[in-house]
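Hi,

Here is the structure I promised to pass on. Have a look at it first, and then read my notes below.

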Amino acid sequence: MSWHWTYQPVPAGTQGRSKAFPRQGDAESWLGETYPDLYEDGVRSVTLYEDERKVYGPMSLEPDEA
């Protein structure tokens with residue numbers, strides 16, 4: 001099994017998804033480290049998949065306005 005994120009909207013010049021990860025925790029850790037770069041590239045939400053099964057999302061990357 002593998003885990004990956006899909007991006008919405010899909011930034012130009014990308015495949016619209018992350019690389020594959022062997023475990024859910026690896027995918028979630030990667031997102032925690034890279035979401036600012038994804039947001040800067042125009043991604044506004046992500047969805048997590050295990051193979052082709054949607055696990056959760058879309059999840060917003062918009063900053064909280066506290």
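**Salt bridges first**

Let's start with Arg-53, which forms a salt bridge with Glu-50; the closest N and O atoms of this pair are 2.6 Å apart. Before you read too much into that figure, keep in mind that this is a predicted model.

How accessible are the two partners? Arg-53 is partly exposed, with a relative accessible area of 46%. Glu-50, on the other hand, comes out at 14%, and because the cut-off for buried is under 20%, Glu-50 counts as buried.

That pair isn't alone, as the structure holds three salt bridges. In general, side chains of opposite charge can pair when their charged atoms come close.

Another of them joins Arg-44 and Glu-62, whose closest N and O atoms are 3.6 Å apart. This pair links distant parts of the chain, with the two positions 18 residues apart in numbering. Where do the partners sit? Arg-44 is in the loop between helix 1 (24-40) and strand 2 (45-50), while Glu-62 is in the segment after strand 3 (53-60). Both have some access to the outside: Arg-44 is partly exposed at 29% relative accessibility, and Glu-62 is partly exposed at 40%.

Then there is Asp-26, which forms a salt bridge with Arg-23, and here the closest N and O atoms are 3.2 Å apart. Is Arg-23 buried or exposed? Arg-23 is exposed, with a relative accessible area of 52%; the cut-off for that is over 50%. Asp-26 has 27% relative accessibility and therefore counts as partly exposed.

**The sheet and the helix**

Now for the strands. Three of them form an open sheet in the order 1-2-3, and the pairing is antiparallel. Which strands are at the edges? They are strand 1 (3-8) and strand 3, each of which pairs on one side only. Neighbouring strands of this sheet are turned against each other by 20 degrees on average, if you ignore direction.

If you want to trace the pairing yourself, go to strand 1 and strand 2, which pair in the antiparallel sense over six bridges. A handy place to look is Gln-8, whose bridge partner in strand 2 is Ser-45.

Finally, have a look at helix 1. Helix 1 lies across strand 1, strand 2 and strand 3, and runs at about 30 degrees to strand 1.

Happy to talk it through once you've had a look.

Cheers

Key:
Residues numbered from 1 in each chain as written. Predicted model: local features only at pLDDT ≥ 70, side-chain atom pairs only at ≥ 80, totals over all residues. Heavy atoms only, no water. Salt bridge = Lys/Arg side-chain N within 4 Å of Asp/Glu carboxyl O. Buried < 20%, exposed > 50% of the residue type's maximum accessible area, 1.4 Å probe, protein only. Helix = DSSP H or I, 4+ residues; strand = E, 2+ residues; numbered from the N terminus. Pairing = 2+ DSSP bridges. Axes fitted to C-alpha atoms, helices over the stretch in contact; angles between N-to-C directions. Contact = heavy atoms within 4.5 Å.
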